[in-house]
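Subject: Structure handover

Hello,

Here is the structure for you to look over. My notes come after it.

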Amino acid sequence: MEFLDLPQLCSANGGVRLPGSKSISNRVLLLAALSEGVTEVRDLLASDDTERMLDALRALGLGVEHLGAESWRITGSGGRFPVKEAELFLGNAGTVFRPLTAALALSGGNYILKGVARMHERPIGDLVDGLRQLGADISYLANEGYPPLQLKPASIQPGGVVKVRGDVSSQFLTGLLMALPLTGEEVVVEVVGELISKPYIEITLATMARFGVVVERDGWQRFMIKAGSRYVSPGTIYVEGDASSASYFLALGAIGGGPVRVEGVGRDSIQGDVKFAEALAQMGALIAVGPNWMEAKAPEGGLVAVDLDCNHIPDAAMTLATAALFAKGTTTLRNIASWRVKETDRIAAMAIELRKLGAEVEEGADYIRVTPAVLHPAAIDTYDDHRMAMCFSLAAFGTPLRINDPKCVAKTFPDYFERFAAVTRAAPVIAIDGPSASGKGTVAARVAEALGFAYLDSGALYRLTALAAKQAGVYWADEAGVAGLAAVLDVEFSGNNIRLNGALVGDAIRTEEMSAGASRVAALPAVREALLFRQRAFNRLPGLVGDGRDMGSVIFPKAPLKVFLTASAEARAERRYKQLIEKGFSANLPDLLADLQQRDARDSQRSVAPLRQEADAKLLDTTHLTIDQAVNQVLEWAREASL
């Protein structure tokens, strides 16, 4: 599985131009396809979901032309799809599957609609029941109430009244409303029970009006489409920025200092998720809003917990759950039952992953309650759900963490993590690499002490792994066995003390035997993988100085300061000789020199993370330098890098 490791963040500041709204993008594409005339769609979201809709429209015979960047030209069909028989794969895109089901069910063709396994677990029975009331011929191909579906030409019943539940997903009502003009008849839709996610219906009604169909309504319970209603292209239509995506950056500003400004949504937006800013303000965030922008800053005393009904912001409310990690008190988010039928069961998934970080979480059928705690590093699973990945990126303000399957953000925001990195600042790292006995450990520890940073001796982790393998009777060449030990290594660094399984082992890992063992196990790819995240988890505030042989190349490739510290083999052998003699160990200088030369060759030629000076690393040859001189040089470079 691919992953992305995030260091602990110290601040957020800057601006982001938002991608187009997913909800508006797919509504506009479908209505453009159902319209008479040609529509130019500008600022369309480029994502997996919109790709599924565009692919479906092409397969149905529509004219779909990419004009470059985020602009597309759709040649409408007047509600009559040219292709009357097709099998469509729609992935996990609910904003495609539900509306397209309704439109195709009323368009007089034979179609099969399928998706990924999770899409086949997302209910669609209420929409199908509503369409059947109009005369649609729809069959379930697997489980009753769930995709995949088979659609056959409908026998439209004139003067119909359609009843549809409103308490599962607003996409059912959206799909019905958008498809009803295809009947040519007057149709009334009555909502049974409370309608959830009302702001998304507002988006539907506003978008339909842009294409010439005005829906009359009585509150949120009764909607009426007039006979003879038809869609007409508005010519050119612009897609607003995605208000749900805005929530992550506004939360970054509220947690990380700010200000962080998002452009593309604001006071004039038709999206209900802009009200996320109001919820963030209730937590204490300082919010500013313009016609097409919003901005958030952190409050003087930090965020405070809220108890909030989130029915009006179901997607953006997920961001509040991770923002709650940085609020004083217990945050309760209510009326979020729709989370359970999204890309994953978001209430359950959110609870599992928040607990991994150390938070106390209570979940119910339609609520989640989050009490913050001291966060600790964890690998966050994302469940093929773009919002899980983006929400949990906020937790990096409390701890380093790993995001598994980060590319799932492509569903709505393909370059999210690049934008995220552009407006955040991570705890700084000074990566000091070099050959054995070059003095990098001593220099790194002294630099860390001078700056007040944490210190990571990566060599010690490999030495500890070699020692643990020896104690367990596992051969150093046994890659799987050693990697298994590395993954559960019980290590504690405290001042100058190093403990393995609770026992002091500082001297034991400094022997020549363990030094050779460390070099051997470090050449094993599975061992390096097992220790990768553990090393990155040291990257906490206020900063880190790490030394090793791949700090700047593999562990912290984006470190703002990289140093390659070296010395002649003769000088290093003499230093190692003096260290061993001072500790009461017997040593032979020629043997030490030969061993260092062999190790240099082995480390520089290994296939995994070979020892080398990175192109952006500063070379520091300490052959003729004292420790103080070497330390002062690194500190000078740190000042130049504003660390």
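Below are the conventions, then the cavities, a pocket, one helix, the sheets and one loop residue.

This is a predicted model, so local features need pLDDT of at least 70 and side-chain atom pairs count only at pLDDT 80 or more, while totals for chains, interfaces and linings use all residues. Residues are numbered from 1 along each chain as its sequence is written, and side-chain values use heavy atoms, with hydrogens and water left out.

**Cavities**

How many cavities of 30 Å³ or more does the structure hold? There are 4. A cavity is a set of points, on a 1 Å grid over the protein atoms alone, where a 1.4 Å probe fits but cannot get out. Lining residues have an atom within 4 Å of a point. Grid points are joined across faces, edges and corners, and a volume is the space filled by probe spheres set on the points.

The largest cavity holds about 210 Å³ of space. Its lining has 20 residues. Thr95, Gln171, Tyr200, Asp315 and Lys342 lie nearest the centre. Helix H1 (22-34), H3 and helix H5 (170-179) each give at least two residues to this lining. Helices are DSSP runs of H or I with at least four residues, strands are runs of E with at least two, and both are numbered from the N terminus. By class, the lining divides into 3 nonpolar, 9 polar and 8 charged residues. Here Ala, Val, Leu, Ile, Met, Phe, Trp, Tyr, Cys and Pro count as nonpolar, Asp, Glu, Lys and Arg as charged, and the others, Gly among them, as polar.

The second largest cavity holds about 70 Å³. Tyr200 and Asp315 are among its lining residues. So are Ser21, Lys22, Ser23, Asp242 and Arg387. H1 and helix H6 (198-210) each supply at least two residues of that lining. The split is 2 nonpolar, 5 polar and 5 charged.

**Second largest pocket**

A pocket is an open set of points with protein on both sides within 12 Å along at least five of seven lines. The second largest one contains about 870 Å³ of space. It is lined by 33 residues, and Leu4, Asp5, Leu6, Pro7 and Lys558 lie nearest its centre. Strand S1 (3-6), helix H12 (416-422), strand S26 (424-426) and helix H17 (525-536) each supply at least two lining residues. The classes are 24 nonpolar, 2 polar and 7 charged.

**Helix H3**

H3 covers residues 94-105. Its end C-alpha atoms are 16 Å apart, which agrees with the 16 Å that its 12 residues should span at 1.5 Å a residue. The expected span is 1.5 Å times one less than the number of residues. Is H3 mostly covered or mostly open? It is mostly covered, with 12 of its 12 residues buried. Buried means under 20% relative accessible area, exposed over 50%, and partly exposed in between (1.4 Å probe, protein chains only). The buried residues include Thr95, Arg98 and Thr101.

**Sheets and strand pairs**

One open sheet has 4 strands in the order S6-S7-S9-S8, with mixed pairing. Its edge strands are S6 (85-89) and S8 (137-140), and each pairs on one side only. Two strands pair if DSSP finds at least two bridges between them. S8 and S9 (149-152) are antiparallel over 4 bridges. Tyrosine 140 stands opposite leucine 149 in S9.

Another open sheet of 4 strands runs S4-S5-S3-S14, again with mixed pairing. S4 (63-68) and S14 (236-238) are the edge strands. S4 joins S5 (71-75) through 5 bridges, antiparallel. Glycine 68 stands opposite serine 71 in S5.

S17 (293-297) pairs with S15 (257-263) in the antiparallel sense over 4 bridges. S17 also pairs with S16 (286-289), antiparallel over 4 bridges. A hairpin of 3 residues joins S16 to S17. Glutamate 295 in S17 stands opposite arginine 261. Glutamate 295 is also the bridge partner of alanine 288.

**Valine 488**

Where is valine 488 found? Valine 488 sits in the loop between helix H15 (479-487) and strand S29 (491-494). Valine 488 counts as exposed because its relative accessibility is 63%. Its C-alpha atom is separated by 25 Å from that of tyrosine 383, 105 residues apart along the chain.

Best wishes
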